[in-house]
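Please open the structure in your viewer and keep the selection tool at hand. The tour goes from stop to stop, saying at each one what to select and what is there.

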Amino acid sequence: MFLLDEQVGEVRVAFTDRHGGLSEGTAASLDLGTRGAGDPDLVTGNFRRLAGALGVDVGQLVTMRQVHGDRVVALDAVPASPPAADALVTRTRGLVLLARAADCVPVVLADPAAGVAAVAHAGRVGMSAGVVPAVVAAARDLGAGRGLRAWIGPRVCGRCYEVPERMRAEVARIEPESWSTTSWGTPALDVAAGVLAQLRRLGVPAVDIADPLGPDRACTIESDDLFSYRRQGPHAGRQAGLVHLQP
Ligand SMILES: [Zn+2]
């Protein structure tokens with residue numbers, strides 16, 4: 001169920017993989033998305049399993065309707081419906097914030113001492129739009145300080161994410177560290193490298209899941225333990241990065 005599961009003070013940070021759920025076929029099995037071909041009842045069951053593993057009620061899990069933008073929503077309670085946003089931030093204990101992805105970069109942020117937690121969904125478009133600086137600013141507005149740190153989750157890596165030459169040039173003009181080349185020598189983007197560069201400039205230390213796991217296990221295209229839109233197509237499931245600010 002978890003590719004990484006870490007406790008830091010009263011904050012639990014985790015990234016899910018595709019195992020331990022109920023969904024079948026391309027979305028097998030822990031699909032946490034809403035757009036795949038997956039049976040919605042099975043996805044609901046997957047959320048219940050995740051909640052069980054975290055020791056929370058399923059109603060404490062908060063998702064977003066992700067739109068590849070830079071909007072951050074600050075929450076002090078579970079919203080009536082998932083907000084249209086690509087980042088969430090809270091200082092309300094008990095909430096579990098989720099950012100879902102299947103090639104894009106899920107980012108988790110927390111300042112355990114200050115009691116602030118956040119997530120962001122940073123794909124090529126969101127990273128370029130500045131969702132990461134936006135969520136860092138929002139976390140600091142809520143009281144995060146020098147203890148703010150970040151975790152970068154599984155995503156398509158810079159040696160697999162082939163893009164047209166012009167797209168690479170456009171994105172690299174915004175974030176030069178995202179410029180990359182595939183392992184077969186064609187233009188590519190390394191969105192996670194762009195996210196890490198943005199965090200570094202903002203003074204936020206980050207753990208890249210590719211460091212402890214190895215680059216192939218952190219890449220959605222290379223690892224069959226993960227969902228990938230590029231590898232599996234539109235019926236791919238979604239994994240999640242999540243943060244639980246514990247009571
Ligand atoms: Zn890769």
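What follows is a walk through a predicted model, beginning at the metal site and ending at a glutamate.

**Stop 1: the zinc ion**

Select the zinc ion and then display the side chains of Cys157, Cys160, Cys219 and Glu222, whose SG atoms (for the cysteines) and OE atom (for the glutamate) coordinate the zinc ion at 2.0 to 2.3 Å. If you step through the angles between the four donor atoms, you will find them running from 103 to 116 degrees, and the arrangement is therefore tetrahedral. For orientation, the ideal angle for four tetrahedral donors is 109.5 degrees.

Now colour the donors along the chain, where they follow the spacing C-x2-C-x58-C-x2-E. Cysteine 160 and glutamate 222 link distant parts of the chain, for cysteine 160 sits in the loop between strand S9 (149-152) and helix H4 (165-174), whereas glutamate 222 sits in the loop between helix H6 (210-213) and helix H7 (229-232), 62 residues apart. With a surface switched on, cysteine 160 is buried at a relative accessible area of 11%, while glutamate 222 is partly exposed at 43%. Cysteine 219, another of the donors, is buried with a relative accessible area of 0%.

**Stop 2: the cysteine sulfurs**

Select the cysteines next and ask how many disulfides a search of the whole structure finds. The search finds zero. Take cysteine 104 as an example: the closest cysteine sulfur to its own is that of cysteine 219, and because the two are 13 Å apart, they are too far from each other for a bond.

**Stop 3: salt bridges around the first strand**

Turn now to the charged side chains, among which a search of the whole structure finds nine salt bridges. Begin by selecting arginine 12 and aspartate 5, which form a salt bridge whose closest N and O atoms are 2.9 Å apart. Arginine 12 counts as buried, at 15% relative accessibility, whereas aspartate 5 counts as partly exposed, at 39%.

Then move to glutamate 6 and arginine 149, whose side chains meet in a salt bridge with an N to O distance of 3.9 Å. Glutamate 6 belongs to strand S1 (residues 2-8) and arginine 149 to strand S9, so this pair ties together parts that are 143 residues apart in sequence. Both partners count as partly exposed, glutamate 6 at 24% relative accessibility and arginine 149 at 25%.

**Stop 4: glutamate 175 and its surroundings**

Select glutamate 175 and arginine 201, whose side chains meet in a further salt bridge, at 2.9 Å from N to O. This pair also links distant parts of the chain, with glutamate 175 in the loop between H4 and strand S10 (179-181) and arginine 201 in helix H5 (residues 191-201), 26 residues apart. Which of the two environments, buried or exposed, does glutamate 175 have? Glutamate 175 counts as buried, at 1% relative accessibility, whereas its partner arginine 201 counts as exposed, at 55%.

Before leaving the salt bridges, select Arg18, Asp224 and Arg231 as a group, since salt bridges that share partners join them into one network.

Finally, return to glutamate 175 and expand the selection to its contacts, which, leaving aside neighbours within four places in sequence, are Met127, Gly194, Ala197, Gln198 and Arg201. The last of these names brings you back to the side chain of arginine 201, with which the side chain of glutamate 175 makes a polar contact at 2.9 Å.

Notes
Residues numbered from 1 in each chain as written. Predicted model: local features only at pLDDT ≥ 70, side-chain atom pairs only at ≥ 80, totals over all residues. Heavy atoms only, no water. Donors = N, O, S within 2.8 Å, 3.2 Å for Na, K, Ca; no water. Tetrahedral: all angles 85-135°; square planar, octahedral: opposite > 155°, others 65-115°. Helix = DSSP H or I, 4+ residues; strand = E, 2+ residues; numbered from the N terminus. Buried < 20%, exposed > 50% of the residue type's maximum accessible area, 1.4 Å probe, protein only. Disulfide = S-S within 2.5 Å. Salt bridge = Lys/Arg side-chain N within 4 Å of Asp/Glu carboxyl O. Polar contact = N/O pair within 3.5 Å; in protein donor to acceptor, adjacent residues only side chain to side chain. Contact = heavy atoms within 4.5 Å.
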